[in-house]
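Here's a quick briefing to read with the structure open beside you. Take it one topic at a time, and look for each spot as you go.

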Amino acid sequence: MSTLSENWVDKALRYALPGRCAFCLGATDPGQPWCTGCFAELPWNLAACPRCGEPQYGAAGRVCGACLSRPPAFDRTHAPLCYAGEVLGLVQRFKFHASPRAGTVLLALLESALPETVRAWPEAMVAVPLHPQRARQRGFDQAEWLARRLVRRLGCPLKRAVRVRDTRSQRGLDRTARRRNLSEAFRIGGVLPRRVVLVDDVMTTGGTLDALARACRQAGAEAVEVWVVARTPLDRG
């Protein structure tokens with residue numbers, strides 16, 4: 001067997017074998033798809049802006065300068081991991097290859113980082129929608145996959161948002177251009193309750209979630225939080 005084939009088989013086994021750690025194939029912690037060592041070594045986003053989830057260095061828990069100067073439409077972000085290392089690989093398998101194993105691990109990682117008080121907060125959830133054309137091309141909507149499982153476990157409804165414009169990539173745009181690019185990109189069907197959580201796999205610039213949060217407030221939400229598995233530092237996204 002060639003080295004390339006061996007690597008492919010090894011990766012397939014890592015994310016397919018039940019009862020084994022999703023990262024090292026070792027024995028898992030009870031009821032979890034990972035072992036203690038691998039869980040501890042994941043790129044945890046421990047020092048982050050509480051408003052936008054941007055990883056910080058030496059200023060844990062402080063609202064960042066960007067959020068102070070121009071606050072986003074959402075109030076808080078829960079992004080327990082950084083989009084790097086093993087997490088990056090999991091997200092790519094989940095998003096682009098519709099891997100249920102990878103999605104299950106990502107969902108479990110997110111849930112493990114949410115205290116009971118946070119889990120009890122939302123009165124509704126909204127998944128970040130793909131544009132219908134992009135959804136047909138990909139055949140899989142990762143945010144909706146996560147949100148549907150979260151609402152079943154938390155007992156709150158899933159409200160539908162529609163992306164009415166297929167916006168260009170946010171990469172290379174400054175904050176003003178990002179907001180302009182996403183202006184009126186989303187529509188919410190019906191009236192929302194007071195407390196709403198937006199769900200996605202990864203937050204990159206935060207522009208998409210900001211635009212969706214604005215649409216949610218227009219539909220009646222008074223407080224909006226963001227729950228994502230991972231956050232990309234702005235200098236990398």
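What follows is a short tour, from the whole chain down to single residues.

Keep in mind that you're looking at a predicted model. The protein has 10 helices and eight strands. Of its 237 residues, 49% are buried. A good place to spend your time is helix H5, which covers residues 100-112 and gives the most to the largest nonpolar core.

**The big picture**

- Take the contacts between residues at least 6 apart in sequence: 70% of them join residues at least 24 apart.
- The largest nonpolar core contains 68 residues, and the ones that touch the most other members are Phe-23, Leu-198, Leu-212 and Cys-216.
- H5 supplies seven residues to this core, the most of any contributor.

**H5 against H4**

- How do these two helices sit together? H4 and H5 pack at an angle of about 125 degrees, and their axes are 8 Å apart.
- That angle makes H4 oblique to H5, because anything over 145 degrees would count as roughly antiparallel and 65 to 115 as roughly perpendicular.
- The crossing of H4 and H5 is left-handed.
- On the H4 side, the residues in contact are Leu-90, Val-91, Arg-93 and Phe-94, and they meet Ala-102, Gly-103, Val-105, Leu-106 and Leu-109 of H5.
- Sort the residues in this contact by class and you get seven nonpolar, one polar and one charged.

**A closer look at Ala-102**

- Is Ala-102, which lies in helix H5, buried or exposed? Ala-102 is buried, because its relative accessible area is 0% and the cut-off for buried is under 20%.
- Leaving aside residues up to four places away in sequence, Ala-102 touches Leu-90, Arg-93 and Phe-94.
- Ala-102 and Gly-89 are 13 residues apart along the chain, and their C-alpha atoms are separated by 8.9 Å.

**H5 against H8**

- H5 also packs with helix H8 (residues 142-154), this time at an angle of about 50 degrees and with the axes 11 Å apart.
- H5 and H8 are therefore oblique to each other, because their angle is neither under 35 degrees (roughly parallel) nor in the 65 to 115 range (roughly perpendicular).
- For H5 and H8, the crossing is right-handed.
- From H5, the contact involves Pro-100, Gly-103, Thr-104, Leu-107, Leu-110 and Glu-111; their partners in H8 are Trp-145, Leu-146, Arg-149, Leu-150 and Arg-153.
- By class, that contact of H5 with H8 comes to six nonpolar, two polar and three charged residues.
- Gly-103 is worth finding in your viewer, since H5 uses Gly-103 in its contact with H4 and in its contact with H8.

**Two backbone oddities**

- Some background first: most residues other than glycine have a negative phi.
- Leu-25 isn't a glycine, yet its phi is positive, at about 70 degrees.
- You'll find Leu-25 in the loop between helix H1 (3-14) and helix H2 (36-41).
- Leu-25 counts as partly exposed because its relative accessible area is 22%, and buried would mean under 20%.
- Ala-98 isn't a glycine either, and its phi is positive too, at about 50 degrees.
- Where does Ala-98 sit? Look in the loop between helix H4 (85-97) and H5.
- With 37% relative accessibility, Ala-98 is also partly exposed.

Technical notes: Residues are numbered from 1 along each chain as its sequence is written. This is a predicted model: local features need pLDDT of at least 70, side-chain atom pairs count only at pLDDT 80 or more; totals for chains, interfaces and linings use all residues. Side-chain values use heavy atoms; hydrogens and water are left out. Axes are lines fitted to C-alpha atoms, for helices over the stretch in contact, and angles run from 0 to 180 degrees between N-to-C directions. Helices (H or I, at least four residues) and strands (E, at least two) are DSSP runs, numbered from the N terminus. A crossing is left-handed if the near helix is turned anticlockwise from the far one by less than a right angle, and right-handed if clockwise. Contact means heavy atoms within 4.5 Å. Ala, Val, Leu, Ile, Met, Phe, Trp, Tyr, Cys and Pro count as nonpolar, Asp, Glu, Lys and Arg as charged, and the others, Gly among them, as polar. A nonpolar core is a set of buried Ala, Val, Leu, Ile, Met, Phe, Trp, Tyr and Cys residues joined through side-chain atoms within 4.5 Å. Buried means under 20% relative accessible area, exposed over 50%, partly exposed in between (1.4 Å probe, protein chains only).
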